Amino acid sequence: MELRMPTWQQVETIYHSELTASFPPEELKPLRAIGEMWRDGCYKPWCLFDGDEIAGVCFLWLGHPGWMLLDYLCVCARRRNGGTGALILEKMLEREAGHVILGESEAPAHAPDPEMARRRLGFYARNHARTAGYDTDVFGAHYKTLYWADREIPDRELMDEHRFIYQNRFSPDKYARYVHIPRDPAAPPMEAVPWDE
């Protein structure tokens, strides 16, 4: 299997067939926004191909040079529970060697399915993700912050780069209302709102 760039038509297909079924509205960008970001040069929608068939995706949102956010990791439904997710991450880390890749994974404390959130965090830990010392709230979703890097990185540096990724795309008002990096640990969960709010 090979990790490579899809066509826009393939992105549209995988978005409608897999991402909309796998992510709640508050976690899923509109397809229009993904297309704009890709055209603007700040998005890499990597797909894992098995021949001509897409087995899964890892979409990366680019920040400063050398920094990116794993925006979506999704294994196609018919390929789940067979090691495909780990293979996608392995190939992503090979392709993006030398970069720091931030990640966000639902925090069990406020997840609709806390056990699934714990399992997902365990999956990332087994696949070499480090856990940062701060959480985030993004459009009402409470996330643990993860990262892949060849060194341990101080939280302050991670937060600065994490903030930049969102601040570079959103208006100051939208950022202030819907993105909290870091999340106040004493704060109640934010109300979930769709990305296109």
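1. Buried here means under 20% relative accessible area, exposed means over 50%, and partly exposed covers what is in between. The model under discussion is predicted. By these cut-offs arginine 4, at 25% relative accessibility, counts as partly exposed. Arginine 4 belongs to strand β1, residues 2-4. Leucine 48 stands 44 residues away from arginine 4 in sequence, yet the C-alpha atoms of the two are 6.5 Å apart. Beyond its neighbours within four places in sequence, arginine 4 is in contact with Pro45, Trp46, Cys47, Phe49, Gly51, Asp52 and Arg95.

2. Helix α1 deserves a check of length against shape. The helix holds 15 residues, 8-22, which at 1.5 Å a residue should span 21 Å, and the distance of 20 Å between its end C-alpha atoms agrees with this. Even so, α1 has a kink of about 45°, centred on tyrosine 15. Tyrosine 15 is also one of the buried residues of this helix, together with Val11, Ile14, Glu18 and Leu19. An α-helix has 3.6 residues a turn, so residues three or four places apart point the same way. The buried residues of α1 pack against α2, β2 (43-50), β3 (53-62) and β4.

3. Helix α2 has a buried set of its own: Leu31, Ala33, Ile34, Gly35 and Met37. Among the elements that cover these buried residues are α1, β2, β3 and β4. Just after α2, glycine 41 adopts a positive phi of about 80°.

4. Which residues other than glycine call for inspection of their backbone angles? Asparagine 81 has a positive phi of about 65° although it is not a glycine, and phenylalanine 139 likewise has a positive phi, near 55°. Most residues other than glycine have a negative phi, and most peptide bonds are trans. Asparagine 81 sits in the loop between β4 and α3, whereas phenylalanine 139 is in the loop between β6 (130-138) and β7. Their surroundings are to be read separately: asparagine 81 is exposed, with a relative accessible area of 83%, while phenylalanine 139 is buried at 0% relative accessibility.

5. A further backbone feature is the cis peptide bond between isoleucine 181 and proline 182, with omega at about 5°. Proline 182 falls in the segment that follows β8 (179-180). Isoleucine 181 is also among the residues touched by tyrosine 166, which is taken up next.

6. Is tyrosine 166 buried or exposed? At 0% relative accessibility, tyrosine 166 counts as buried. Its place is in helix α5, residues 155-167. Residues up to four places away in sequence aside, tyrosine 166 touches Trp61, Leu69, Glu104, Val138, Tyr175, Val179, Ile181 and Trp195. Tryptophan 61 lies 105 residues from tyrosine 166 along the chain, with 9.5 Å between the two C-alpha atoms.

7. Proline 114 is placed in helix α4. With a relative accessible area of 31%, proline 114 is partly exposed. Its C-alpha atom is separated by 32 Å from that of asparagine 168, and these two residues are 54 residues apart along the chain.

8. The largest pocket has a volume of about 1100 Å³. Its lining is made up of 36 residues, with Leu73, Met116, Arg120, Phe123 and Tyr124 lying nearest the centre. At least two lining residues come from each of β4 (67-75), α3 (84-95), β5 (100-106), α4 (114-126) and β7 (141-148). By character, the lining divides into 17 nonpolar, 8 polar and 11 charged residues.

9. The second largest pocket holds about 170 Å³ of space. Its lining consists of Lys29, Pro30, Arg32, Ala33, Glu36, Met37, Trp61, Arg169, Phe170, Lys174, Trp195 and Asp196. Helix α2, residues 31-39, gives the largest share of this lining, 4 residues. The lining divides into 6 nonpolar and 6 charged residues, with no polar ones. Ala33 and Met37 line this pocket and are also listed among the buried residues of α2. Trp61 and Trp195 belong to the lining as well, and both are touched by tyrosine 166.

How values were computed
Residues numbered from 1 in each chain as written. Predicted model: local features only at pLDDT ≥ 70, side-chain atom pairs only at ≥ 80, totals over all residues. Heavy atoms only, no water. 1 Å grid on protein atoms, 1.4 Å probe; cavity = no way out; pocket = protein on both sides within 12 Å on 5 of 7 lines; lining within 4 Å. Points joined across faces, edges and corners; volume = space filled by probe spheres on them. Nonpolar A, V, L, I, M, F, W, Y, C, P; charged D, E, K, R; others polar. Expected span 1.5 Å × (residues − 1). Bend = angle between axes of the 7 residues up to and from the residue. Buried < 20%, exposed > 50% of the residue type's maximum accessible area, 1.4 Å probe, protein only. Contact = heavy atoms within 4.5 Å.
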